[in-house]
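User: Please examine the structure below and discuss its enclosed spaces, its nonpolar cores and a few individual residues.

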Amino acid sequence: MSNPFVWIVEPLDPKQPLKKFFNLSKLEDVRYARLPFSIRVLLEAAIRNCDEFLVKKGDVENILNWKVVQHKNVEVPFKPARVILQDFTGVPAVVDFAAMRDAVKKLGGDPEKINPICPADLVIDHSIQVDFNRRSDSLQKNQDLEFERNKERFEFLKWGSQAFKNMRIIPPGSGIIHQVNLEYLARVVMDQDGYYYPDSVVGTDSHTTMIDGLGVLGWGVGGIEAEAVMLGQPISMVLPEVVGYKLLGNPQPLVTSTDIVLTITKHLRQVGVVGKFVEFFGPGVAQLSIADRATIANMCPEYGATAAYFPVDDISIGYLIQTGRDKEKVMCTKKYLEAVGMLRDFRNSSQDPDFTQVVELDLHTVVPCCSGPKRPQDKVAVSDMKKDFETCLGAKQGFKGFQIAPDRHNSIVKFNFEGCDFELAHGSVVIAAITSCTNTSNPSVMLGAGLLAKKAVEAGLTVKPYIKTSLSPGSGVVTYYLRESGVMSYLSQLGFDVVGYGCMTCIGNSGPLPESVVEAITQGDLVAVGVLSGNRNFEGRVHPNTRANYLASPPLVIAYAIAGTIRIDFEKEPLGTDASGKKIFLRDIWPTRNEIQAVERQFVIPGMFKEVYQKIETVNESWNALDAPSDKLYTWNPKSTYIKSPPFFDGLTLALQTPKTIEDAYVLLSFGDSVTTDHISPAGNIARNSPAARYLTSRGLTPREFNSYGSRRGNDAVMARGTFANIRLVNKFIDKQGPQTVHFPSGETLDVFDAAERYKQAGHPLIVLAGKEYGAGSSRDWAAKGPFLLGVKAVLAESYERIHRSNLVGMGVIPLQYLPGEDAGTLGLTGRERYTIVIPEKLKPQMKIQIKLDTGKTFDAIMRFDTDVELTYFHNGGILNYMIRKMAS
C-alpha cells in the first residue's frame, strides 16, 4: 500500500524553499480534529516512516474515527525521529551493537549494516557518585574519581561514537540526559530532507517522557528495543487509549511543581493508566511553565503511563527562545504547527479532543507534600508527615510499614562525628540531596531552594555536619543562574555544594555515609531517612542504610536537612532559633512565588543556555584526552571486567528454531506486587558478600574497585550474578528480605544466582511468579537480560509495567498473565510445583495457553505477545536475533 498522506502546501515563508508537510489534519474527514494531539503525532510519525502502513483491524478511515475503532487492536508501526541514551543503558547497547557486528560477519553479512540510521545521542550522566561533599572542591574530586573508575567504559563509548555513524556522545560533566534533551537536543519540529514533521523520541531511560512537557512525543524503551529502532525497525504498538487529564484553577502560593506532580502520581496510580497515554488539557495548563510541565511529564513512569503529553502552545514557543534556540527556526516551527492545526490553545475548549476517559484536578486543591517512605505514589501532605512516619514505624512490614516494636519507637543512639557528640533516632535525616532531572530542570524550585537557603543562613540556621548534603544539577545552566542570582554561596553554607552534573543520589550513586553514622544506624536498627528531590524511592535504591526515603521539592529537602528529622510538624515546631533566641519557623523563611518569579525573570536568560551548550561536546578535557581505537569491529579484551562480548548470539544460525513447550520448570522466585526493575537488576553498590563480588574478587579486584552494578552493565558475567541481588528483595520462599531463594531439589537456601546455576547444570528450565505491576521503575534491559541468562523461560504475573514486558519480549522470555480475577492465591499455587507451559504451533497475539502442574492441576494464562511483530521476535529468540538474521540475509 503506497503512502496516501502527503500534501504539498504553499511555503510558509516566501524566502524559504518549498517544503512538503505531512499533515493528517488536512484530511476532509473532520473527525480527525477530535483525535488527541499525542495520537496525531504518533500517526504522523508512523505514516512518515512506513510506506507499508498496514492496519491489522479496520482501514484508515477507522483509525481516523476514534469512536468507531475505540483504539482496539489497531497496530501502528511507530518510528521515532530520534533516540537518546544514557551511559548505564548506552554501554550495553553499544556492547550489543559490537557483538551483533561480529555475529553478522560470522553469518556472511556486512557487519557495517549494524549502524544507527536515525540520530542517536548518548549523554554520560549515570557514572558520577557523591564520594565527596561539603567541600569547595567536591565537584572536581568526584569528576576525577569518576574518570578513574570508568576510563575503560568511556574509551569504549568513544570507540562507539567513531565506529558508528549518527551516534553522538555528550561527555560526562555535561548534565542529565533529560534536561540536556529539554534544553538543547529537542527540536519540537524536525526540518530534514525537505520535510517538516513533528519531533518524536524514544530513550533507553524511563524518564524520557520528560520531553513530553515541551510537546515532543517521547517515552522510554528498553535498550534492546532502542537498538532495533536505531537499526530501522519500527516499534509495533497497539494504538493506545488516551486519558485526558484536565487541569483547572491556579496553584496556591506555597505550592511547587513537585507538589503537583506527586499529587498527580498518586491520583493516576489510583485511576490506572498502565499502557495508556495521558494528555493534559484545560485552562490550568496555561498556568504552568514548560519546566513545570516537564516535571509532571518526567514522573510519567511513576504513575505507569506510556506518555504524559502536553501539546505545543505559545508558552512552549517562548521556552525555545528562552533556552537560546535559533529564533528563525523557532518562528518556522510555530508557523508549521499553526498550518497543520497542532498549535494548542489550552484556554480554547473547542480544541479539546475526544478522550477515552477524562479525569480532573483543580490545582488550587494541591498542598505541599512528599512521597514515601518506599514508593513515589504514596503521597503524604507535609502537615501529616510526622504522624504518618510514626504510624509507619509500627505498621506491618510493607510499603507503608517497618514493624518496629512500640517500645523501640523512641530509641536514641549516641555517636561521635569529627570530635562532636550527636544523636540518631528513627526518622533522623542522614541524606539530603537536591538531585534528579525531575526538579533541577525547573528554575522556580531551584531558585526557591536558593532563596530559602539565603533566608535560613541569615536567620542563623545550620545543617548538622553528619548529614550527607549534596546538589547535583541537571545542567551547567543551573549553576550559572544560581551563581548569578547570588544564592549559591548560601546553599554552600548549608552544605549544598555542587557535587557533580549527573543523576547521582537519585539512582543510588549516593556514595558512602560516614562510618560512625552507619554504625549508629546498625547498632540501633534505626529507620534512617533520605530526603531527595528525585523521582524514585524504592527500597534499597537510594542507599542501603536509609530504609525510609522521601521525595520532596528542593526547598523541602533543605528544610528537612535543617530540621535533621522527618518527625517534625513545621506548623507547630520551629526549625531553630536566631541569635536573639526567637523561634524560626519554616513559614518565616519560605520564599513567595512573586520573589522567585522576579529572580527567574532577571537571571534565567537565553545567553546562559547558548554559552553552556555551544561548548558542551568539547568542554571536558579528560574526555578529549581519551584515546579510543578506530576499528569498525571491536577488539574484546578477555581481561576486562567492564566490557565483555555477551553470549546472546552464541550458536545463532540463519535458520529459525521452532519454539518448544517448556517442560517441568521450577519456580526460581515467587513475588508479591510492585516488584521493580531495581529489585530485579539493582544499579547501586555491589555487596561484598554477593555472587558478583565473589566473581570480581576472583578476577583480582578489591572491594574499592567494585564500582556499581550500573557501571558494569557491559559485562554479562557481573550482571547475571547481580540479577535479583537487591538486599530488599522479598521472596515468598524466604522468611526475610534478601537476595536468596530455595533450591527445591536439594532444599537448600542459596543466593539466587547460585540456585539458578544449579538448575541450569541439571538442565531444568525456570519461571518466575509475580503479582501486580511486575517490572515497575527504570527501563533497564538487564532486568530482562539477567533472568534470561539465569535460565528463566517465562514470567507469570498478574500485570506488567509496559517497558519491562517489552524487554522480556525482546529477550525471548515469555510474559504470561493470569486470567482476569485469577492469581496465585485463587489458583492455589505455592510455587513449589513444577510447571509445563504448552506452546501451540500456531500462535496469535494475546492468546490463551495452557499450563499444567505436576500436581495434576491445569489452568489457562494469557501469553502477552501483544502484536504479530512481537510474535516474530519470539520465533527468532528475541529482537536482536531477528535483526541479526535480517542484516545477514
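The questions and answers that follow concern a predicted model.

User: How many cavities of 30 Å³ or more does the model contain, and what is the volume of the largest cavity?
Analyst: The model is predicted, and the totals for linings use all residues. The count of cavities of 30 Å³ or more comes to 10. For the largest cavity, the volume is about 210 Å³.

User: Which residues that line the largest cavity are the closest to its centre?
Analyst: The lining of the largest cavity is made up of 23 residues. Helices α4 (87–106) and α6 (177–185) each supply at least two residues of this lining. Closest to the centre are Q86, H126, D205, I507 and S778.

User: How do the residues of the lining of the largest cavity divide into nonpolar, polar and charged?
Analyst: The division follows residue type, with Gly placed among the polar residues. On that basis the lining of the largest cavity holds 7 nonpolar, 11 polar and 5 charged residues.

User: Which residues have the most contacts inside the largest nonpolar core, and which element gives the most to this core?
Analyst: The largest nonpolar core has 285 residues, and F280, Y560 and Y774 are those with the most contacts inside it. The element that gives the most to this core, with 11 residues, is α4.

User: Which residues does Y560 touch, not counting residues up to four places away in sequence?
Analyst: Y560 is one of the residues with the most contacts inside the largest nonpolar core. With residues up to four places away in sequence not counted, Y560 touches C370, V382, M385, V429, V531, T565, I566, I568 and F570.

User: How many residues does the second, separate core have?
Analyst: Apart from the largest nonpolar core there is a second, separate one. I686, A692, F706 and A725 are among its members. The number of residues in this second core is 11.

User: Is V123 buried or exposed?
Analyst: V123 lies in strand β5, which covers residues 120–123. Leaving aside neighbours within four places in sequence, V123 is in contact with L85, Q86, D87, I170, G175, I176, I177 and L185. The relative accessibility of V123 is 1%, and the cut-off for this class is under 20%, so V123 counts as buried.

User: Why is helix α7 largely enclosed by the rest of the structure, and which residue with positive phi follows α7?
Analyst: Helix α7 (residues 223–230) is largely enclosed because 8 of its 8 residues are buried. The buried residues are G223, I224, E225, A226, E227, A228, V229 and M230. Following α7, with a positive phi near 105°, is G232.

User: Where is D378 placed, and is D378 buried or exposed?
Analyst: D378 sits in the loop between β16 (369–371) and β17 (379–381). Leaving aside neighbours within four places in sequence, D378 is in contact with C370, S371, G372, F399 and K400. Because its relative accessibility is 12%, D378 counts as buried.

User: Why is there no bond between the sulfurs of C437 and C503, and how many disulfides does the structure hold?
Analyst: The closest cysteine sulfur to that of C437 is in C503, at 6.2 Å, which is too far for a bond. A disulfide requires sulfur atoms within 2.5 Å. C437 counts as buried at 5% relative accessibility, and C503 counts as buried at 7%. The number of disulfides in the structure is 0.

How values were computed. Residues numbered from 1 in each chain as written. Predicted model: local features only at pLDDT ≥ 70, side-chain atom pairs only at ≥ 80, totals over all residues. Heavy atoms only, no water. 1 Å grid on protein atoms, 1.4 Å probe; cavity = no way out; pocket = protein on both sides within 12 Å on 5 of 7 lines; lining within 4 Å. Points joined across faces, edges and corners; volume = space filled by probe spheres on them. Helix = DSSP H or I, 4+ residues; strand = E, 2+ residues; numbered from the N terminus. Core = buried A, V, L, I, M, F, W, Y, C linked by side-chain atoms within 4.5 Å. Buried < 20%, exposed > 50% of the residue type's maximum accessible area, 1.4 Å probe, protein only. Contact = heavy atoms within 4.5 Å.
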